[in-house]
Each structure stands twice: as structure tokens, then as C-alpha cells.
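Let's take a friendly walk through this structure, one piece at a time. Have the viewer open and follow along.

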Amino acid sequence: MIYMDNAATTLHKPDAVKEAVMAAFDTMGNAGRGASRPALDASRVIYDTREKLARFFHAENANQIVFTANSTESLNIAIKGLFAGGDHVITTVLEHNSVLRPLRECEERGTELTILGCDEKGRISFAEMEAAVRENTKAIVCTHASNLTGNMIDLKKAGETARRHGLLFVVDASQTAGACEIDVQKLGIDVLCFTGHKGLMGPQGTGGMYVRPGLSVRPLLSGGSGVDTYNPRHPSRMPAALEAGTLNGHGIAGLGAAVSWIMDKGTDEIRKRELSLMRRFYEGIIRIPGIKVYGDFDTDDRAAIVSLNIRDYDSSEVSDELNMEYGIVTRPGAHCAPLMHRALGTVEQGAVRFSFSYFNTEEEVDTAIRAVRELACE
Amino acid sequence: MAMRKKERKLVVTFHTTADAMAMEKACREKDAPGRLIPVPREISAGCGLAWCAPLSCRETLIGLMEEQGIEREELHECMLR
């Protein structure tokens with residue numbers, strides 16, 4: 001099996017991740033619930049992972065890192081916890097439904113929304129972003145990279161726009177966290193939402209968010225916190241303010257091991273490898289008659305994703321053929337990115353997405369190129 | 001076996017578990033004495049972790065918390081086992 005659906009989840013994890021999860025099963029009690037050895041073991045592992053993530057994203061301190069189940073939960077906390085009726089929010093057609101749907105719910109409650117369009121290569125315009133700012137604009141919410149085209153949004157420019165107008169800057173780093181250097185302070189990011197199971201190479205069910213110190217986010221959930229039991233309200237101090245209930249300690253143990261592995265390896269090396277595999281694939285398929293590729297490949301500021309269609313073939317059929325005949329795993333369909341597909345005119349056909357990880361090989365890429373070439377023959 | 005004998009000890013409470021864990025980490029790194037205990041009921045009826053250390057370490061621990069930027073809730077002296 002050749003796994004090329006890393007934008008959905010990374011299948012191959014470093015061995016250290018599996019070992020950390022298995023070790024956690026033998027040692028972990030419930031973090032923050034008492035001072036017994038198992039409870040403290042869990043608290044230590046979770047705190048250690050919190051610290052690592054703070055270092056990894058250049059956060060001011062570990063308390064600004066909150067654990068969630070995934071990016072979707074982080075984005076729901078951020079979007080529903082920051083915006084109210086009367087606020088105006090700017091976002092883009094590149095977004096995943098985990099951004100769009102919470103924003104639509106806010107819109108139903110009176111939040112105004114501007115969704116920036118894109119050009120034929122799926123790129124947004126910063127002039128349009130600037131022009132969209134109104135008196136009541138509260139925030140720019142955008143993805144770091146489209147999960148369909150792989151195009152990146154320049155966070156430096158978007159962050160500068162946000163700062164210039166005193167707006168909050170909320171970033172969905174689902175496709176880039178772990179595979180790219182992200183410095184929340186340098187980029188002026190107020191909230192960074194990430195998942196643990198994609199580029200960060202941790203277990204599914206792990207994720208989190210960075211929240212800038214001083215920024216208050218209304219919690220989505222309240223409940224057990226391990227502290228201040230007789231307070232009728234959930235604690236307001238970070239990170240407890242945005243963490244209710246038992247955390248996924250076993251998963252977080254794996255995530256901590258994954259972040260260590262990434263920091264040892266270096267995001268530059270990981271990124272270089274992923275981009276090199278992506279380029280090899282792109283160069284191998286781009287001249288095949290009948291192939292249409294989506295996105296901007298003139299730059300390397302992109303995620304390691306190549307989405308394509310073969311002639312007018314249904315993307316689901318092509319992906320199934322790749323799976324059944326070649327053992328190549330890709331993702332067809334709409335990728336939870338309705339506006340991006342609409343902008344590219346691929347609502348009916350969908351697209352076949354190949355997404356690469358550090359653990360893919362050149363041989364696998366060459367096999368995938370051959371498979372696409374064969375399927376494109378008339 | 002009977003309960004251990006009580007002694008007067010220093011107890012530092014925190015707003016969050018994360019702060020308590022930061023304290024433990026800092027104390028271990030700096031070789032400062034103490035350990036995490038459940039917050040004694042005479043301090044708070046709520047749950048949580050507290051740092052318990054000999055009274056003589058008061059100034060050392062205050063200095064360490066300030067140096068490491070660890071936010072505490074309160075400093076107490078309690079009779080503990």
C-alpha cells in the first residue's frame with residue numbers, strides 16, 4: 001500500500017509516538033485529579049507536551065497552549081468564543097468547513113461575514129483583504145494552507161493587515177503545523193488552531209490551540225477542571241479556562257513524543273523532503289495529456305499537496321481505481337472545502353488529492369506517476 | 001500502620017494544574033525541596049494540587065517562583081503529615 005492521503009491524516013508515525021502511547025497505558029491516571037503517582041505521571045506528561053508545543057510555536061508560555069480533540073474543536077472554540085452579533089469577520093474561500101460552518105452559525109446570530117474570493121490558481125488578493133476591512137471588523141480568520149490546492153496564505157501579510165487595523169488574527173494551521181515553522185509572536189497570531197494527527201504526526205484525537213496572553217475566549221465547554229470545585233463557574237485562568245473534562249492523556253503522550261521527534265529532525269528538513277516529493281510528483285504528471293492540476297505551483301510556499309483530475313473522469317472513480325489496481329491511497333471528492341471547489345469549478349467532478357509526508361519515498365512517487373499516466377490513456 | 005505525625009509545613013497553592021506542574025518542574029530542575037500534594041481541605045474545599053515543602057524553604061521557593069515566572073495563588077502554613 002502506498003499512502004498518499006497525509007493531508008487527511010498521517011498514517012506512518014515515528015516509532016517513538018507509538019511507544020509513548022503504549023507506555024502511557026501502563027502509567028497514566030487522570031491528570032490534575034489528585035496527587036497520586038498515576039495522576040501526577042499523567043499531569044507531567046501533559047505539562048511536558050504543553051511546554052514542547054509552546055516552544056515549537058514560539059508561544060510566550062506553556063499556559064497559552066490548550067489541548068483539544070482536533071482543529072475542528074479548536075476552531076469552534078475560537079470562532080464561537082470570540083465573535084458576537086454586530087462583529088464583522090473576514091475569511092476566504094480556501095477555508096475548510098471547520099472554519100466555514102462555525103462562521104455560518106455566527107452569521108445566523110448576527111455576525112457579518114466577508115468571504116474573500118480567489119483567482120484561477122486559488123490565490124487570494126491582499127488588496128481585497130485590505131479593502132474588506134470595515135469599522136466593525138473584528139478579525140481575519142484564515143487557513144495557513146488550502147487542504148485542496150495546497151496553496152499557502154502568506155501569514156506575514158495577513159498578520160500585518162490584521163495588526164494595521166487592530167483586528168484579531170485567527171489561523172487554521174491544520175495542514176501546516178508540524179511541517180512548517182510557525183512563530184505565533186513574529187506573525188502576530190492571536191489564535192492558532194492545530195490538529196495533532198496530521199503534520200504533527202501524533203495520534204488522532206489530539207489537537208490544540210495557542211491563545212495570545214490577555215485574549216479572553218468564551219469557553220465552548222465547561223465542567224470538570226480538577227481545581228476550584230465549589231466555584232459555580234468554570235475557571236477563567238488559562239489553560240484550564242478552555243479545557244473541560246478529562247484530556248486525552250494517552251494521545252497527548254504520543255503527541256509529545258511526536259513533537260520531540262519533529263524538533264530533533266527539524267521542520268526545515270521535514271518541509272524540504274515533503275516539498276521535494278511533491279515537486280517530483282507534480283513534474284511527473286503535469287505534462288500527461290488529459291491531466292488538470294489545481295493550485296499555484298510557481299512557488300514553494302505551499303503544502304505538499306497535488307490535487308488533480310484526469311479528463312472528465314469522476315474523481316471518486318479515479319481514486320478507487322488507484323486504490324484497487326495500484327494500492328495507492330488518495331482522497332477524492334470535496335475535501336470539506338465547498339467554496340474552494342466552487343471557485344475551481346470542480347463541484348461536480350471533485351478532485352483526486354495526493355498529499356505527501358516525510359515518510360513517502362521517491363519510488364512511491366514514481367509508482368503514482370506511472371499509475372496516473374496509465375489511467376490517463378484513452 | 002498509624003497516620004504519620006503532623007508538622008507545620010509550607011503549602012503553595014495555584015490557580016491551575018498547569019501552574020502546579022510548572023512549579024514541580026522548576027523545583028526539580030533547581031533541586032529545590034518539596035512535592036505535589038492534594039490541596040489540604042483546611043486551605044480549600046475545592047480540588048487541585050499544591051506544593052508542600054519545609055517551612056525553612058519559604059524564601060528559596062518565593063525566589064524561584066519569581067525567577068521562573070510561576071504564578072501562585074497563595075502561600076500557607078499548615079499542620080500536615
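A good place to begin is a pair of helices in chain A. In this predicted model, helix H2 (residues 37-56) of chain A packs against H7(A) at an angle of about 40°, and their axes are 9 Å apart. These two numbers were picked for a reason: two packed helices are described by the angle between their axes and the distance between the axes. The crossing of H2(A) and H7(A) is left-handed.

Which residues make this contact? On the side of H2(A), they are Ala42(A), Val45(A), Ile46(A), Asp48(A), Thr49(A), Lys52(A), Leu53(A) and Phe56(A). Their counterparts in H7(A) are Gly249(A), Ile252(A), Ala253(A), Leu255(A), Gly256(A), Val259(A), Ser260(A) and Met263(A).

From H7(A) we can step on to helix H8 of chain A, since helix H7 (249-265) is included in what covers the buried residues of H8(A). Also part of that cover are S9, S10, strand S12 (352-355) and helix H11 (362-376) of chain A. The buried residues themselves are Ile270(A), Arg271(A), Glu274(A), Leu277(A), Met278(A), Phe281(A) and Ile285(A). Looking down the axis of H8(A), you will find these buried residues within an arc of 135°, so they line one face of the helix. Turned away from that buried side is a face carrying the exposed residues Asp268(A), Glu269(A) and Glu283(A).

The length of H8(A) offers a quick check. With 19 residues (267-285) at 1.5 Å a residue, the helix should span 27 Å, and this agrees with its end C-alpha atoms, which are 27 Å apart.

Two of the strands covering H8(A), S9 and S10, lead us to a loop. Phe297(A) sits in the loop between strand S9 (291-294) and strand S10 (305-310) of chain A. Is Phe297(A) buried, exposed or partly exposed? Buried would take 20 or more other C-beta atoms within 10 Å, and exposed 12 or fewer; Phe297(A) has 18, so it is partly exposed. Phe297(A) is also 51 residues from Thr246(A) in sequence, and their C-alpha atoms are 43 Å apart in space.

Now turn to chain B. Here four strands form an open sheet, in the order S2-S3-S1-S4, with antiparallel pairing. Strand S2 (35-38) and strand S4 (74-80) of chain B are the edge strands, each pairing on one side only. On average, neighbouring strands of this sheet are turned by 40° against each other, direction ignored. For a closer view, look at S2(B) and strand S3 (residues 49-54) of chain B, which pair in the antiparallel sense over four bridges. Ile37(B) has Ala50(B) in S3(B) as its bridge partner.

Definitions and conventions:
Residues are numbered from 1 along each chain as its sequence is written. Chains are lettered from A and ligands numbered from 1 in the order in which they are written. This is a predicted model: local features need pLDDT of at least 70, side-chain atom pairs count only at pLDDT 80 or more; totals for chains, interfaces and linings use all residues. The expected span of a helix is 1.5 Å times one less than its number of residues. The arc is that of the directions from the helix axis to the C-beta atoms. Two residues are in contact if their C-beta atoms, placed from the backbone, lie within 7 Å. Two strands pair if DSSP finds at least two bridges between them. Axes are lines fitted to C-alpha atoms, for helices over the stretch in contact, and angles run from 0 to 180 degrees between N-to-C directions. A crossing is left-handed if the near helix is turned anticlockwise from the far one by less than a right angle, and right-handed if clockwise.
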